[in-house]
There are 2 protein chains.
Amino acid sequence: MTYKLYYWPTLQGRGEFVRLVLEAAGQPYTDVARLPAEEGGGAGAILSYRRGEQEGWLPFAPPILVHGEHVLAQMPVICRYVGERHGLAPADEAGRARAQQVLLTVCDITNDAHDLHHPVSVSAYYEEQREAAIRKATSFRAHRLGMWLTWLESALVREGDWMVGHEMSYADLAVMQVLDGLDYALPVAMASHRAGIPALTALRERVRAQEKVAAYLASERRIPFNEHGIFRHYPELDDAPT
Amino acid sequence: MTYKLYYWPTLQGRGEFVRLVLEAAGQPYTDVARLPAEEGGGAGAILSYRRGEQEGWLPFAPPILVHGEHVLAQMPVICRYVGERHGLAPADEAGRARAQQVLLTVCDITNDAHDLHHPVSVSAYYEEQREAAIRKATSFRAHRLGMWLTWLESALVREGDWMVGHEMSYADLAVMQVLDGLDYALPVAMASHRAGIPALTALRERVRAQEKVAAYLASERRIPFNEHGIFRHYPELDDAPT
């Protein structure tokens, strides 16, 4: 039973956290909206779910994962579902709850990073809210970025080689992805924190070195970061913290 | 083994979703930070966790629930943990995943509602970002509020009397809370949507009529909404959608 992922075809976004878990698990999946429209792909495949044209449970927004009769939305729910089925999650209940805590905190960071370029309205262009974005990014670099990185580094150091337990889980994949995204969006600000996050830096290298992850990142299936996604590089939003 | 909740003592915030589940479950709990400081309460009890002075897993932020050796953070993780133990969650895996989807979407709405009054910086006062807040709230009322309510109403109508399955779950409590919060923050905008959400309105009444929920809402344990929490009533942010 092949997984079917529904996510915007030209950007990483929240779907990328799901793609990484599917790829690291070595599970075949169809990235439906990246198929040609004549094969049922394109954005229309996603919009059909959003408009409620599919039967059964009504998901709110992509990413949506369809697996047999399961229709799952909300990225943390999907990552947990796939991870727990394919050895990318702790086996014990306490560990499973911790992996979700890491993922939900990664979601909080991701939301924060998104709002840097869209602080006022997701329905308006960046250029229409550039002034507020510069204020927001200044505050984020001064008060938020270090807070997020310090928590991730501290939680990792307490735990050991992986964010939760003794093996790589979907939580580690998500941490790699959010760090990659922040590096893309805010290279100057992130460089100023590099010396303070040695454990996280080592974790990223361990994740990237996993055979299936490395193969995915080098493949055409990995969409490059761009200015349509969550992590966007606008130089005027980046600077060293003062 | 009594639950210990760590959350800010003077506001509802994200802790209120947890309090509602504990109360509806009829479980005794200590709302630690609401105790006097000399009994180990006050904000210091929370800060001790945030500073990493407690052993074991490092939670990121309150709400934090301690239950024996379990230390849980992230509101959706806590609500799931308590709900699944005390008959306030579906028994089957698919239903459990759906309840989390509802809760995570409620979190998205809650984050949106928070950012109405703090679009630029959580480290600055509302008054310092009032102009951006007015722009954000205008966009929220025009594009977001109806979208959220339409999804909640449609998902409920498809499912039946409750958000997930055939009994009240923590998802229903969360939906009641977010609707109550939006009504407090944006009474004019919400009134304009009232006719379009009959199923949600009936759901709220069913939840409120539950004996334990009703007793809690009428008690002194229920902190009133106020302008320190997530849902804040600033009249300049409220209006009928145009």
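**Exercise 1. Find which residue of E4(B) stands opposite His67(B), then describe the hairpin around that pair.**

Step 1. Look across from His67(B): its partner in E4(B) is His70(B). This is a predicted model, in which local features need pLDDT of at least 70, side-chain atom pairs count only at pLDDT 80 or more, and totals for chains, interfaces and linings use all residues. Residues are numbered from 1 along each chain as its sequence is written, chains are lettered from A and ligands numbered from 1 in the order in which they are written, and side-chain values use heavy atoms, with hydrogens and water left out.

Step 2. Now take the strands themselves. Strand E3 (residues 64–67) of chain B pairs with E4(B) in the antiparallel sense, over 4 bridges. Two strands pair if DSSP finds at least two bridges between them. Helices (H or I, at least four residues) and strands (E, at least two) are DSSP runs, numbered from the N terminus.

Step 3. Check the turn. There are 2 residues between the strands of this hairpin, and Gly68(B) takes a positive phi near 60°.

Step 4. Sort the side chains of strand E4 (residues 70–73) of chain B. His70(B) and Leu72(B) point one way, Val71(B) and Ala73(B) point the other way, and all are buried. Buried means under 20% relative accessible area, exposed over 50%, and partly exposed in between (1.4 Å probe, protein chains only). In a regular strand the side chains alternate between the two faces of the sheet.

**Exercise 2. Work out the order of the strands in the open sheet of chain A.**

Step 1. The 4 strands run in the order E2-E1-E3-E4, with mixed pairing. Strand E2 (29–31) and strand E4 (70–73) of chain A are the edge strands, as each pairs on one side only. From one strand to the next, the twist averages 20°.

Step 2. Zoom in on the middle. Strand E1 (residues 3–6) and strand E3 (residues 64–67) of chain A pair in the antiparallel sense over 3 bridges. Val66(A) in E3(A) is the bridge partner of Lys4(A), and Tyr6(A) stands opposite Ile64(A).

Step 3. Move on to E4(A), which pairs with E3(A) in the antiparallel sense over 4 bridges. Here Leu65(A) stands opposite Leu72(A). The two strands form a hairpin with 2 residues between them, and Gly68(A) in the turn has a positive phi of about 60°.

Step 4. Sort the side chains of E3(A): Ile64(A) and Val66(A) point one way, Leu65(A) and His67(A) the other way, and all are buried.

Step 5. Add a helix. Helix H2 (residues 43–50) of chain A lies across E1, E3 and E4 of that chain, at about 90° to E1(A).

**Exercise 3. Describe how H1(A) and H3(A) pack.**

Step 1. Two packed helices are described by the angle between their axes and the distance between the axes. Axes are lines fitted to C-alpha atoms, for helices over the stretch in contact, and angles run from 0 to 180 degrees between N-to-C directions.

Step 2. Helix H1 (residues 15–24) and helix H3 (residues 75–85) of chain A pack at about 0°, with axes 9 Å apart. So H1(A) and H3(A) are roughly parallel to each other (angles under 35 degrees count as roughly parallel, over 145 as roughly antiparallel, 65 to 115 as roughly perpendicular and the rest as oblique).

Step 3. List who touches whom. H1(A) brings Phe17(A), Val18(A), Val21(A) and Leu22(A), while H3(A) brings Met75(A), Ile78(A), Cys79(A), Val82(A) and Gly83(A). Contact means heavy atoms within 4.5 Å.

**Exercise 4. Place Gln27(B) and Leu186(A), and decide for each: buried or partly exposed?**

Step 1. Gln27(B) sits in the loop between helix H1 (15–24) and strand E2 (29–31) of chain B. With 23% relative accessibility, Gln27(B) is partly exposed.

Step 2. Not counting residues up to four places away in sequence, Gln27(B) touches Tyr3(B), Leu22(B) and His86(B).

Step 3. Leu186(A) is in the loop between helix H6 (170–185) and helix H7 (187–193) of chain A. Its relative accessible area is 2%, so Leu186(A) is buried.

Step 4. Leaving aside neighbours within four places in sequence, Leu186(A) contacts Leu116(A), Phe140(A), Leu237(A) and Asp238(A).
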